[in-house]
Amino acid sequence: MSTDKHTLPAAHELHIGVVGAGVMGRGIAQLFLQAGYPVRLYDAQAEARDRAAEFIDNMLERQVAKGKYTRSEADTMLAGLTRCHAIDELASCRVVIEAVVELPDVKRQLFAELEQIVSAEAILASNTSSLLVSDIAAACTRPARVAGLHFFNPAPLMRVVEVIPATLTDAAVVEQLSALVASTGHRAVVAADQPGFLVNHAGRGYVTEALRILEEGVAQPEDIDRVMREAMGFRMGPFELLDLTGLDVSGKVMQSIYDQFMQEPMYRPSALVAPRLAAGLFGRKTGRGFYRYEDDRKVEPEQAPAPKVTYMKVWLDDEAGAVSWQLAEELQAAGARIMDSPVAVDTMVLLQTWGNDVSQQCAESGLDPLRAVALDPLPGLDKRRTLMLSPVTAPQVRDSMHGLLAAGGVPVTVINDSPGFISQRILAVIVNIAANIAQCRIASVSDIEAAVTLGLGYPQGPLSWGDEVGTEAIVEILENLHDQTLDPRYRLSPWLRRRDLCGVPLLTEEVDRG
């Protein structure tokens, strides 16, 4: 057995202890069994231990049926599982992972008990998703050997694990746990012991900004979801996600992180949540949330067909460059006449704005808001298009531009005036929060990117996405949102502002001060 304090023994020599045989505990046990580690599983309830062992057996059987493992390999894995009848049977474990109920008193008591059982070199890790690891470690006489090891459900499939050093955790423990996670084929990301750690923290912008857009009457949930899913490439829209996780669960997480960050406006939850919770609109589990569900399947609201075109003259601004040329060609193919001037009263004005709304753009450019609409240039033209109205856009202008834009077969979502449309707002907030995480040294740039893509399933990491769109555009969106709403939730992260001023890509790691 290795004596190097920076390494753990080889897999076949290293016994992993798991306390708690529920959904997370059995998933963690399965992951380590598949990686070749002997696992000792303890739960105070014998029935829970037995159910967990049966579940792991069934899951490995599925893998055999799919050809991932041979029957012999699966049998070897199962042979490595020991169901412990008493907690002191974990004494030989060099790493013990706790996956019990999210109650601080219960975890502190458990860790104090485990510390009396295992060796002084053993690592005690908590799978907590919401509690401060430092608070759990405070119950121990060896807090340097305590850390967070946050897996996501289902643990064998979610290929990212957060390693969270508590305030007094030894750096060698972080290295050992990161190497242990890597040996399972998962990506370890190191996150500071802060509310939401990394993944849940980075995910604040997606649903909270979507709720804010709904609050402002910009669009309906299905409109927002379609834009983020079809135009921006997210697997689920924010309201579909809230319905899946359950608003009762998500609402508590939003409020908890907001409170733990001392009511930081960037993480402010929505006033829309409380009345929906009172009405029991939790989502899939109750059959109704932001959508209705029949037989556990979402009832998708119908989309109205594109309206009839009555106006044919269009003046198109050229702010979006190449996109404007392509758009002009498409409009002409649909029968529109592209005008050289927006002056004529029968000419529709089509803007393409970054972070602005139609009202502001018209006021700045001296354009008639009755004839003006705007198209979101962010997603390009080959995906769902978002058409934004001013408060006074004439119905015939609205319908004619909708019809022209939809003539080629690309669907169109019509929304009310909003600085930054839907996609620009949500993306800018996501990037800003990621920048703030980097600013506060909660995680490295590379770990932020991995956490968001692997843990949240976003189509791209927030900082690489910001670089792709351009920091100048992200800054413009946020500054316009801040100026027009006077809401501090949109104030620029200093980390983002400085990189924009210096012309440094967001993917650049912080310079080591030596």
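The accessible surface of the chain adds up to about 21900 Å², and 52% of that belongs to carbon and sulfur atoms. This is a predicted model, so every value here is computed from predicted coordinates. The C-alpha atoms fill a box of roughly 85 × 55 × 45 Å along the principal axes. The chain has 514 residues, and 54% of them count as buried. As for secondary structure, there are 20 helices and 16 strands. Contacts tell something about how the chain folds back on itself: among those with a separation of 6 or more, 70% are between residues 24 or more positions apart.

A good place to start looking is an open sheet. Six strands make it up, in the order β12-β11-β13-β14-β15-β16, and the pairing is mixed. β12 (337–339) and β16 (412–415) stand at the edges; each has a single partner strand, so one side of each is left without a neighbour in the sheet. From one strand to the next, the twist averages 35 degrees.

Starting from the β12 edge, β11 and β12 run parallel and are joined by three bridges. Here K313 stands opposite R337 in β12. On to the next pair: strand β11 (residues 313–316) and β13 pair in the parallel sense, this time over four bridges, and V314 stands opposite M348 in β13. β13 in turn runs parallel to strand β14 (residues 372–375), with three bridges between them, and L350 stands opposite V373 in β14. To get from β13 to β14, the chain passes through helix α14 (residues 358–365), and this β-α-β crossover is right-handed.

Strand β13 (residues 347–351) itself deserves a second look, as five of its five residues are buried. In a regular strand the side chains alternate between the two faces of the sheet. In β13, T347, V349 and L351 point one way while M348 and L350 point the other way, and all are buried. Cover on the sheet includes helix α15 (residues 395–406), which lies across β11, β13, β14, β15 (385–389) and β16. This helix runs at about 170 degrees to β15.

Elsewhere in the chain, helix α17 (residues 445–455) is another mostly covered element, with eight of its 11 residues buried. The buried ones are V445, D447, I448, E449, A450, A451, V452 and G455. What do they pack against? The buried residues of α17 meet two strands by name, β7 (160–165) and β8 (187–190), along with the helices α7 (199–202), α16 (423–439), α18 (462–469) and α20 (494–502). Just after α17 comes G457, which takes a positive phi of about 75 degrees.

Charged side chains add another layer to the picture, with a count of 29 salt bridges. One of them is between E216 and R212, whose side chains meet at 3.3 Å, N to O. Neither partner is buried: E216 counts as partly exposed at 33% relative accessibility, and R212 is partly exposed too, with a relative accessible area of 23%.

A second salt bridge, between K285 and D248, has an N to O distance of 3.2 Å. This pair links distant parts of the chain, 37 residues apart: K285 sits in the loop between α12 (273–278) and β9 (292–294), whereas D248 belongs to helix α11 (residues 247–260). K285 is exposed, with a relative accessible area of 52%.

The loop between α12 and β9 also holds R284, which forms a salt bridge with D296 at 3.8 Å, N to O. D296 lies in the loop between β9 and β10 (297–299), and the two residues are 12 apart. R284 counts as partly exposed, at 27% relative accessibility. Finally, some salt bridges share partners, joining E209, R212, E215, E216, R268, R425, D487 and R489 into one network. Both residues of the E216 and R212 pair are members of that network.

Technical notes
Residues are numbered from 1 along each chain as its sequence is written. This is a predicted model: local features need pLDDT of at least 70, side-chain atom pairs count only at pLDDT 80 or more; totals for chains, interfaces and linings use all residues. Side-chain values use heavy atoms; hydrogens and water are left out. A salt bridge is a side-chain nitrogen of Lys or Arg within 4 Å of a carboxyl oxygen of Asp or Glu. Buried means under 20% relative accessible area, exposed over 50%, partly exposed in between (1.4 Å probe, protein chains only). Two strands pair if DSSP finds at least two bridges between them. A crossover is right-handed if, with the strands pointing away from the viewer, the path from the first strand over the helix to the second runs clockwise. Contact means heavy atoms within 4.5 Å. Accessible areas come from the Shrake-Rupley method with a 1.4 Å probe; for residues, only the protein chains shown count as cover. Axes are lines fitted to C-alpha atoms, for helices over the stretch in contact, and angles run from 0 to 180 degrees between N-to-C directions.
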